[in-house]
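User: I would like to go through this structure and ask what lies behind each label. Please give the reasoning in plain steps.

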Amino acid sequence: MTKTNFLKNIYIYIYALFISFVYLVFFYFDLKLKSGPFLGNDNYFHISRLYGLKNAFSHPISFESFNGNGSGVNYFYPWLTYYPAFFLSKIFNSMTYGVISFIFLITVLTFIVAFYCGRNFFKDTKSAFIFGNLYLFSGYRAVNVFQRADIGEIISIAILPAVLVSFYNVLFNKNKPWIPFTIAFSLIIYSHVLSTVFTFFVLILILLLSWPYINRKKATFIALLKSGSSTFLLSSFFWAPMLQQSYYVKTVSPQILNLESSALSPSKFFIDSLNNDVGNTIIGVVLLFILIIGFLNFKSNPRLYNNILLLTLFLLFFSSKLFPWSILQNTPLNIIQYPWRILQVVSALTCFYGAWFLRNISYKTLSSLILLMVLINISNTNSILQRTRVLIGNDNFNSIAKSATFKDYYPVTASNDASFNSLNNKIFFVNGKQKSIKYIVKKNSIDISTPNYKKPYYIDTPFLKYLGLHVQNGGQQIPVSVSKRGTISFEAPLKKSHIIITSWYTKLGIASMILSASTFILLNLILTLNFIKKNIFTSARKINKKP
């Protein structure tokens, strides 16, 4: 790397830090998280999730978060890319500051990933810079950051350009570099399940549309096969334990909505995007105008960018009420909840076109565009702040994180009102009768003190039963069964005892963790060897050319 290129990279990192600060400072000026009628419950869900990640690598079930019921959320909702927020919380000695600093770092990462992926795609620094700014300030990203507080989707939005560009390279680059695509798509899997579903759907569409134009079809097919199998292995630490738990116990899925009702109304979407109303689902006024300009210039655009526009138009149709969602309502696809989640891909594709279309504008005009997007963003944050009802700070973060109650991923038998209320009130049953039993919540376990009884008795605890949960007495395992309300039940010793309930990964969970880690190391080793080989070969050619 030359000194000039090194300095350019430094400038990009400095700019990313600066523009990310500008993007967030007007919303987090008081160093508090927000919640209100404009915001969904995702804030409460994700801060409780963070509170339960303390020992997620060794103890997947936390008894401190989600009202201490032992929710299996870590099995069903990806958490690996969210885990750095826990480290930041430790550094700042504040869970609130940890979340805010994590959102800041993800915002920085969003610009940096978009910039370098854009440079790889366009082969032009200016277009990459435009793409990074358009993507960072896209309306749908603002909806997720400021309105929905959906951490999983915010992370996946940051990674998405890497997935799209690396997939494009697998299809059209003569070297078929499949490893970057494997890593990028695996990061999506480790961030957000529904983003994975939508992204995979779009990649299939891109593959089908691109297949006639691919020259080395056999090499492309082999590269995709390598990428698919390695993604399968690399992401196994998430999907293997999840599928095992799903097979063991039927759980409550996140809320199933009427897809036709939750899909976009085209006219409302257009007006809301034109108004840049982040209280609704939008792509934003800037990207809306880029789309309009794109179709007005359709005849003069290169085929690649017209294909991008047509794919974007189809995805907008797919996310709207114009698509016959009713035929999919009673299929497994009903888990997507909101068809408009695909707007994250729509936004990325529109930004690709916009960066190409605006590639020849002057830097003065580009500066004016960035200033316009900053002002729009300030307006967005002000609109949300006016509707804020709850501030989450150091004084109430822990209490909210501990007490948040969601039925998502509960055993179905624990989700009816009677069972759910008994769990939240920590009601124990001894031989079917309600009893008061003392217990202590510790770092990785529940400690229960059992009294003396003259005859055998069964304790039905208010802690949910999943695979990998263990009950011990003096280091000895006690057989565990599932109560009628989906909780841990066991036969207690007759004499007064000290019972410990804790969770470990199953053998399959441990094997999948090792498999994923080994795959990651192997892929990076291959990348390193290829990098060394390429540079040695390049250096040797330069030496041979010397007179």
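**Reasons behind the labels**

Analyst: Arg341 counts as buried, with a relative accessible area of 5%. The model is predicted.

User: Why is Arg341 called buried?

Analyst: Buried means under 20% relative accessible area. Arg341 has 5%, so Arg341 is buried.

User: What makes the pair of Glu153 and Arg341 a salt bridge?

Analyst: The closest N and O atoms of Glu153 and Arg341 are 3.2 Å apart. The cut-off is 4 Å between a side-chain nitrogen of Lys or Arg and a carboxyl oxygen of Asp or Glu, so the pair qualifies. Glu153 lies in helix α8, and Arg341 lies in the loop between α16 (303-318) and α17 (343-357). The two residues are 188 residues apart, and the pair links distant parts of the chain.

User: Is Glu153 buried or exposed, and how do you know?

Analyst: Glu153 has a relative accessible area of 0%, and the limit for buried is under 20%, so Glu153 is buried.

User: Which residues are linked with Glu153 and Arg341 in a network of salt bridges?

Analyst: The network also holds Asp42, Arg148 and Asp150. In the structure there are eleven salt bridges.

User: Where is Asp150, and why is Asp150 called buried?

Analyst: Asp150 sits in the loop between α7 (139-148) and α8 (151-172). Its relative accessibility is 3%, which is under 20%, so the label is buried. Leaving out residues up to four places away in sequence, Asp150 touches Asp42, His46, Tyr77, Asn144, His192 and Arg341.

User: What makes the pair of Asp150 and His46 a polar contact?

Analyst: The side chains of Asp150 and His46 make this contact at 3.5 Å. The rule asks for N or O atoms within 3.5 Å, one able to donate a hydrogen and the other to accept it, so the pair is counted as a polar contact.

User: Why do Lys442 and Asp447 get different labels for accessibility?

Analyst: Asp447 has a relative accessible area of 4%, under the 20% limit, so Asp447 is buried. Lys442 has 40%, between 20% and 50%, so Lys442 is partly exposed. Their side chains still meet in a salt bridge, with 3.0 Å from N to O.

User: How do you know that Asp417 is exposed?

Analyst: Exposed means over 50%, and Asp417 has 53% relative accessibility, so Asp417 is exposed. Asp417 forms a salt bridge with Lys407, with the closest N and O atoms 3.3 Å apart. Lys407 has 27% relative accessibility, between the two limits, so Lys407 is partly exposed.

User: What makes domain 1 and domain 2 count as being in contact?

Analyst: Contact means heavy atoms within 4.5 Å, and 20 residues of domain 1 meet this rule with 20 residues of domain 2. The domain assignment gives domain 1 as 3-401 and domain 2 as 423-503. About 1600 Å² is buried between domain 1 and domain 2, with 55% of this area from carbon and sulfur atoms. Phe63, Asn69 and Tyr248 supply 42% of the area that domain 1 buries against domain 2, more than any other three residues.

User: Which kinds of pairing does the rule find across this interface?

Analyst: The rule finds zero salt bridges across the interface of domain 1 and domain 2. For polar contact, twelve residue pairs are found there, with both residues at pLDDT 80 or more.

Terms used: Residues numbered from 1 in each chain as written. Predicted model: local features only at pLDDT ≥ 70, side-chain atom pairs only at ≥ 80, totals over all residues. Heavy atoms only, no water. Domains from an automatic or database assignment. Buried area = accessible area lost by both parts, 1.4 Å probe. Helix = DSSP H or I, 4+ residues; strand = E, 2+ residues; numbered from the N terminus. Buried < 20%, exposed > 50% of the residue type's maximum accessible area, 1.4 Å probe, protein only.
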